[in-house]
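The following exercises lead a newcomer through one structure, each with a worked solution. Please keep the sequence and the model at hand while working.

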Protein chains: 2
Amino acid sequence: MENRIKIERAILDITQEELAQKIGVSRQTINSIEANRYVPSTVLALKLSELFNKPVNDFFKLTEDD
Amino acid sequence: MENRIKIERAILDITQEELAQKIGVSRQTINSIEANRYVPSTVLALKLSELFNKPVNDFFKLTEDD
DNA sequence: TAATAATGTAAAGTATATTTGTCATAATAG
DNA sequence: CTATTATGACAAATATACTTTACATTATTA
């Protein structure tokens, strides 16, 4: 799975730390997701959706290996 | 988080077992998600999105407790 | 340049998703 | 009614998300 969180975060112009606080996770969680080290839960995806004001499918996409 | 998987599955007219096979998880996983026993991963949500031909936000919604 | 903020990452621990196996019950078909 | 299929649910084992702590590196700013 690939994601555009880094880009969406740049649009909001906030740090990983700030994004983490807004959705209630640790900074490392955001960092790890941006680095594709693991796949987030759907609750986390929906919270990002609210914050970014965009549907989940806009910033999370399946890849070959999924 | 609440979901409408049972309804989407009814629209496709397939069993939990069939849905599970189509997206590559066990039947118990589908059953547990429909029963809100746990929250699926975003990869699973995206696979359902493909199958249902609808955005994730259409069948997964945040609730108070999220 | 020096100080500070932001990011990348790793390890250890906890929480939770998912699998496999199993059983009970409800619904459906013969 | 009987056999079969579909669903609900639980327990144990495994995989993985997420937290906390910690440290190194890369910007950024004074």
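**Exercise 1. Which atom of DNA strand C lies 3.3 Å from a polar side-chain atom of A:Lys6?**

Solution. The coordinates come from a predicted model. Step one is to locate A:Lys6: a polar atom of its side chain is 3.3 Å from a phosphate oxygen of DNA strand C. Step two is to list the elements around this strand. Helix H1 (5-12) and helix H3 (27-34) of chain A, together with helix H3 (27-34) of chain B, each give two or more residues to the surface near DNA strand C. Step three turns to chain B, where a side-chain N or O atom of B:Ser26 is 2.8 Å from a phosphate oxygen of the strand. For B:Ser41, a polar backbone atom is 3.3 Å from a phosphate oxygen of DNA strand C.

**Exercise 2. Describe the surroundings of DNA strand C as a whole.**

Solution. Begin with the number of neighbours: 20 residues are around the strand, and A:Gln16, A:Arg27, B:Ser26, B:Thr29 and B:Tyr38 come nearest. Next, sort the surface by class, which gives six nonpolar, nine polar and five charged residues. Finally, turn to the DNA side: of the strand C atoms within 4 Å of the protein, 58% belong to sugar or phosphate, and the rest belong to bases.

**Exercise 3. Which residues come closest to DNA strand D, and what polar contacts can be found there?**

Solution. First, identify the neighbours. DNA strand D is surrounded by 20 residues, the closest being A:Gln28, A:Thr29, A:Tyr38, B:Arg9 and B:Gln16. Second, examine the bases. A side-chain N or O atom of A:Gln28 is 2.6 Å from a base oxygen of DNA strand D. From chain B, a polar side-chain atom of B:Arg27 lies 2.9 Å from a base oxygen of this strand. Third, examine the backbone of the DNA: a phosphate oxygen of DNA strand D lies 3.1 Å from a polar side-chain atom of A:Ser41.

Fourth, assign elements. At least two residues of the surface near DNA strand D come from each of H3 of chain A, helix H1 (5-12) of chain B and H3 of chain B. That surface divides into six nonpolar, nine polar and five charged residues. Of the strand D atoms within 4 Å of the protein, 60% are sugar or phosphate atoms, and the rest are base atoms.

**Exercise 4. How many residues of each chain are in contact between chain B and chain A, and what area is buried?**

Solution. Start with the count: 18 residues of chain B are in contact with 18 residues of chain A. The two chains bury about 1,400 Å² between them, with 72% of this area on carbon and sulfur atoms. Within the area that chain B buries against chain A, B:Thr42, B:Leu46 and B:Leu62 supply 39%, more than any other three residues.

Now consider the interactions. The rule finds zero salt bridges across the interface of chain B and chain A, while eight residue pairs are in polar contact. On the side of chain B that touches chain A, two or more residues come from each of helix H4 (42-52), helix H5 (56-59) and strand S2 (60-61) of chain B. Of these, H4(B) gives the most, with seven residues. By class, this side of chain B has 10 nonpolar, four polar and four charged residues.

**Exercise 5. How many of the residues of H4(B) are buried, and what follows the helix?**

Solution. Eight of the 11 residues of H4(B) are buried, and the helix is mostly covered. Among them are B:Thr42 and B:Leu46, which also appeared among the residues supplying interface area in Exercise 4. After H4(B) comes B:Asn53, with a positive phi near 60°.

**Exercise 6. Is A:Asn53 buried or exposed?**

Solution. Place the residue first: A:Asn53 lies in the loop between helix H4 (42-52) and helix H5 (56-59) of chain A. Its phi is near 60°, a positive value in a residue other than glycine. The relative accessibility of A:Asn53 is 69%, so the residue counts as exposed.

Apply these steps to A:Asp13, found in the loop between H1 and helix H2 (16-23) of chain A. Although not a glycine, A:Asp13 has a positive phi of about 55°. With a relative accessible area of 65%, A:Asp13 is exposed.

Conventions:
Residues numbered from 1 in each chain as written. Chains lettered and ligands numbered in written order. Predicted model: local features only at pLDDT ≥ 70, side-chain atom pairs only at ≥ 80, totals over all residues. Heavy atoms only, no water. Near = heavy atom within 4 Å. Polar contact = N/O pair within 3.5 Å; in protein donor to acceptor, adjacent residues only side chain to side chain. Helix = DSSP H or I, 4+ residues; strand = E, 2+ residues; numbered from the N terminus. Nonpolar A, V, L, I, M, F, W, Y, C, P; charged D, E, K, R; others polar. Contact = heavy atoms within 4.5 Å. Buried area = accessible area lost by both parts, 1.4 Å probe. Salt bridge = Lys/Arg side-chain N within 4 Å of Asp/Glu carboxyl O. Buried < 20%, exposed > 50% of the residue type's maximum accessible area, 1.4 Å probe, protein only.
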